Amino acid sequence: MRENLELRHSELKKLEKLAVALSGGLDSSFLFVEAAEALGMPLKNIKDGEFYDRTLINNLLRWISSTKGMRAVEEGGKYTATDLGLFKYLVMWSSMERLVARSVDIYRELYRYGTINAWYDKDRIRIEFRDKNRIPEDCAAWKGAMEGFLRLTHTKGRVEEKECVHDGADRCLYEILLE
């Protein structure tokens, strides 16, 4: 049943750090337990090099939304995009265009569902997702990740969601408006 295994382990591994961020750096052991319950498996069972069903991340995003609110989902997306450890120093010298272009390639490596495209103009970047999500929380997490890209590259701008499948569109379309 390899076709249902659509999410690389590294995306699930970020949950531990995200739980710490959501707890404000406090003892997050209770969040790990709650996150594992929402996920449906202990976090320690996430194995390197494996792919997992995307319902796991959907369950986690719903849990964050129900316990901390939709804004926390967006902040979680931003956090996971910017928490790169030592790699942050390499990325922060990159341009927004290069980071988004590389992110398109990375998306294709991490996820086995949906498509992503990006277009650049001098004052905006448009990012289109098709067939990527089933829940509104996923949209909030991606918006937050794009805001994290702005922070990483020290680029002034804002992210706007222009179209969303949860509002009846056939795609999710974001614009990163550069200042």
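## A tour from the sheet to the helices

Ala 118 stands opposite Ile 127 in S4, so select that pair to begin. Keep in mind as you look around that this is a predicted model.

**Stop 1: the hairpin.** Now widen your selection to strands S3 and S4. They pair in the antiparallel sense, and 6 bridges hold the pairing. Follow the chain from S3 into S4 and you pass through a hairpin of 3 residues. For another rung of this ladder, pick Ile 116, whose bridge partner in S4 is Phe 129. Remember Phe 129, as the tour comes back to that residue later.

**Stop 2: the whole sheet.** Add S6 and S5 to what you have on screen. In which order do the 4 strands sit? Reading across, you get S3-S4-S6-S5, an open sheet with antiparallel pairing. The edges belong to strand S3 (115–120) and strand S5 (157–163); each has a single partner strand, so one side of each is left without a neighbour in the sheet. Tilt the view and look at the twist: on average, neighbouring strands are turned by 20° against each other, direction ignored.

Next, zoom in on strand S4 (residues 124–130) and strand S6 (residues 172–178). These two run antiparallel and are joined by 6 bridges. To see one of the residue pairs here, click Glu 128, which has Leu 173 as its bridge partner in S6.

**Stop 3: helices on the sheet.** Turn on helix H6 (residues 96–110). This helix packs on the sheet and touches S3, S4 and S6. Compare its direction with that of S3 and you find an angle of about 165°. Then show H7, which lies across S4, S5 and S6 and runs at about 20° to S6.

**Stop 4: an aromatic pair.** Time to return to Phe 129. The structure holds 2 aromatic pairs. In one of them, the rings of Phe 129 and Trp 142 have their centres 5.0 Å apart and their planes at 40°, so the pair is tilted. Which parts of the chain does the pair link? Phe 129 is in strand S4 and Trp 142 is in helix H7, so to speak distant parts of the chain, 13 residues apart.

**Stop 5: H7 meets H4.** Leave the sheet and select helix H4 (residues 70–82) together with helix H7 (residues 136–152). Their axes come within 6 Å and cross at roughly 45°, and the two helices are therefore oblique to each other. The crossing is right-handed. To light up the contact, show side chains on both helices: on H4, choose from a set including Met 70, Val 73, Gly 77 and Ala 81, and on H7 from one including Ala 140, Gly 144, Gly 148 and Leu 152. Colour the contact by residue class and you should see 9 nonpolar, 4 polar and 7 charged residues.

**Stop 6: H7 meets H3.** Keep H7 and swap H4 for helix H3 (residues 55–68). Here the axes come within 9 Å and cross at roughly 85°, which makes H3 roughly perpendicular to H7. Select Leu 61, Arg 62 and Ser 65 in H3, and you will find them meeting Glu 137, Asp 138 and Ala 141 in H7. By class, this contact has 2 nonpolar, 1 polar and 3 charged residues.

**Stop 7: H3 meets H4.** For the last stop, hide H7 and bring H4 back beside H3. How are these two placed relative to each other? Their axes cross at roughly 130° and come within 6 Å, which makes H3 oblique to H4. On the H3 side, select Leu 61, Ile 64, Ser 65 and Lys 68; on the H4 side, Met 70, Ala 72 and Val 73. The residues of this contact divide into 5 nonpolar, 1 polar and 1 charged.

Technical notes: Residues are numbered from 1 along each chain as its sequence is written. This is a predicted model: local features need pLDDT of at least 70, side-chain atom pairs count only at pLDDT 80 or more; totals for chains, interfaces and linings use all residues. Side-chain values use heavy atoms; hydrogens and water are left out. Axes are lines fitted to C-alpha atoms, for helices over the stretch in contact, and angles run from 0 to 180 degrees between N-to-C directions. Angles under 35 degrees count as roughly parallel, over 145 as roughly antiparallel, 65 to 115 as roughly perpendicular and the rest as oblique. A crossing is left-handed if the near helix is turned anticlockwise from the far one by less than a right angle, and right-handed if clockwise. Contact means heavy atoms within 4.5 Å. Ala, Val, Leu, Ile, Met, Phe, Trp, Tyr, Cys and Pro count as nonpolar, Asp, Glu, Lys and Arg as charged, and the others, Gly among them, as polar. Two strands pair if DSSP finds at least two bridges between them. Rings of Phe, Tyr and Trp (its six-membered ring) pair if their centres lie within 6.5 Å; planes under 30 degrees apart count as stacked, over 60 as edge-to-face and the rest as tilted.
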